[in-house]
Amino acid sequence: MHKFMRTIGFGGCDSDLEMDKIMRKLAKTASKTAVLERNDHPTLYDLRAELAPGMGIAMIGQMTEKGTFKREYAFPYVTGSDISSTAECSIQRHAERETYAGLLDEYRVGISLIFYMTNSIEYRSRRSKRLPVLAKNICLSGLASQGKILLPVKKTPKQAEDLKQAARKRGSLLEAARRGDEHAIETLTVEDMDLYSMVTRRIIKEDMYSIIETSFMPSGIECDQYSIIGNILSVNLVENELTKEEIYRLRVECNDMVFTVAINKADLLGEPAPGRRFKGQIWMQGLVDFGVNDMLC
C-alpha cells in the first residue's frame with residue numbers, strides 16, 4: 001500500500017488486500033483521463049477516482065479482452081489551481097517502472113526541485129505521437145504524512161514589503177549568477193556571509209522559527225520528499241466520500257512559490273488558518289502543462 005494513501009483519507013486501511021479491494025471497486029466508476037496508444041490500439045489507461053474535490057487515486061493499467069481493468073500501479077494525488085513555476089523543467093524516467101520525475105531549476109528554492117510527475121501517461125502519449133513535450137507551466141502539490149501549525153512571524157507592512165523586494169532582488173542575482181555574472185556571484189557571497197552572521201547573533205536569544213519564516217529542504221533519502229515551512233494562504237476542509245475521513249487542503253506559500261498541500265486532519269497538530277504557518281514533510285507532485293490542448297483522451 002502506498003505510504004501516502006493515509007493522506008487522502010485511508011488511515012483506517014491496514015492491509016494491502018483491503019486497499020486492493022477498494023481500488024478494484026473504484027476502477028469500475030473511475031474517469032479516464034489519458035490513454036497511451038501503440039499501433040492505433042489503446043495499451044495503457046490512466047483512470048482517476050476522485051474521492052474529494054481535487055484529490056483521489058490514480059490507477060494505471062490495461063484493459064483485458066473481457067473488458068476488465070488490470071491495474072499495474074496506483075498512487076494518491078492532489079491537484080492545485082496555482083501555476084507554481086515557469087522555470088526550465090527536464091523530465092526523467094524512474095528506473096523501476098516507466099513513471100517520470102520532473103526536475104526544476106527553480107532559483108527561488110535554491111536547489112534543483114524534483115517532483116513526481118502525475119500526468120506521465122499524457123507525456124508518453126505525446127512522445128509516441130511526436131507532439132511537443134516542452135514544459136510550459138508546472139502546477140505543484142504535496143501530500144503530507146504529518147505536520148504541525150506554527151504561529152506567524154510578526155512584522156509590519158513595511159517590513160513585509162521590504163522582504164518581498166529583497167526576495168525579488170536575490171532572485172535576480174541568482175539568475176545572473178547562473179549566467180556566470182561574477183559581480184552577482186560576489187554579491188551573493190557577501191549576502192550569505194552577512195546572513196550567517198545575523199543568524200548566529202539572533203539564535204542565542206531567539207527561537208529558530210522566529211528567524212526562519214519559510215524553508216524548503218530535501219528530507220530523507222527519496223529525492224522528491226521535502227521538509228517545508230510555509231505561510232498558509234487559505235484552508236479548505238474536505239471529506240473522503242468513501243471513508244468519511246476529513247482532509248485539509250492548504251494553499252501554501254513557501255520560498256515565494258504557491259502550491260497546494262493535503263494532509264489528513266488526524267495527522268495535523270494545531271488549527272490551520274490563513275496567516276499561520278505549516279511545517280511538515282511532503283511528497284512533492286507536479287502536473288506538467290505542455291501548453292497545447294491537442295491531447296485526445
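## A contact at Q285

The backbone oxygen of P76 lies 2.7 Å from a polar atom of the Q285 side chain. That's a good place to start in this predicted model. Q285 is found in strand β14. Its relative accessibility is 0%, so Q285 counts as buried.

## Rings around W283

Strand β14 (residues 277-289) also holds W283, and that residue pairs with F4, which sits in the segment before α1 (16-27). There are 7 aromatic pairs in the structure. The one between F4 and W283 is stacked, with 5.7 Å from centre to centre and 20° between the planes. It ties together distant parts of the chain, as the two residues are 279 apart. How buried or exposed are the partners? F4 has a relative accessibility of 2%, so it counts as buried, and W283, with a relative accessible area of 4%, is buried too.

W283 has another ring partner in Y116, and this pair is tilted: the centres are 5.1 Å apart and the planes make an angle of 55°. Here again distant parts of the chain are linked, with Y116 in strand β7 (residues 111-117), W283 in strand β14, and 167 residues separating them. Y116 counts as buried because its relative accessibility is 9%, under the 20% cut-off. Add F75 to the picture and you have one aromatic cluster, made of F4, F75, Y116 and W283.

Away from that cluster's list of members, there's a ring with a charge over it: the charged end of R48 sits over the ring of Y77, 5.0 Å from the ring centre.

## The second largest pocket

Two of those cluster rings turn up again in a pocket. Which residues lie nearest the centre of the second largest pocket? They are H2, E96, R97, Y116 and W283, out of a lining of 19 residues. The volume of this pocket is about 550 Å³.

Strand β4 (residues 69-78) gives the most to this lining, with 5 residues. Sorted by class, the lining of the second largest pocket has 8 nonpolar, 7 charged and 4 polar residues.

## The largest pocket

Now for the largest pocket, which has a volume of about 1800 Å³. It's lined by 40 residues, and those nearest its centre are L163, A167, R170, T214 and N255. Several elements give two or more residues to the lining: helices α3 (157-178), α4 (182-202) and α5 (208-211), plus strands β9 (215-218) and β10 (225-239). Which element has the largest share of the lining? That's α3, which supplies 11 residues. By class, the lining of the largest pocket breaks down into 18 nonpolar, 13 charged and 9 polar residues.

Two of the residues nearest the centre of the largest pocket, T214 and N255, are also in touch with each other. Their side chains are joined by a polar contact of 3.2 Å. N255 has its place in the loop between β11 (246-254) and β12 (257-264). Is this loop residue buried or exposed? With a relative accessible area of 17%, N255 is buried, because the cut-off for that label is under 20%.

Technical notes:
Residues numbered from 1 in each chain as written. Predicted model: local features only at pLDDT ≥ 70, side-chain atom pairs only at ≥ 80, totals over all residues. Heavy atoms only, no water. 1 Å grid on protein atoms, 1.4 Å probe; cavity = no way out; pocket = protein on both sides within 12 Å on 5 of 7 lines; lining within 4 Å. Points joined across faces, edges and corners; volume = space filled by probe spheres on them. Helix = DSSP H or I, 4+ residues; strand = E, 2+ residues; numbered from the N terminus. Nonpolar A, V, L, I, M, F, W, Y, C, P; charged D, E, K, R; others polar. Phe/Tyr/Trp six-rings, centres within 6.5 Å; stacked < 30°, edge-to-face > 60°. Buried < 20%, exposed > 50% of the residue type's maximum accessible area, 1.4 Å probe, protein only. Lys NZ or Arg CZ within 6 Å of the ring centre and 35° of its normal. Polar contact = N/O pair within 3.5 Å; in protein donor to acceptor, adjacent residues only side chain to side chain.
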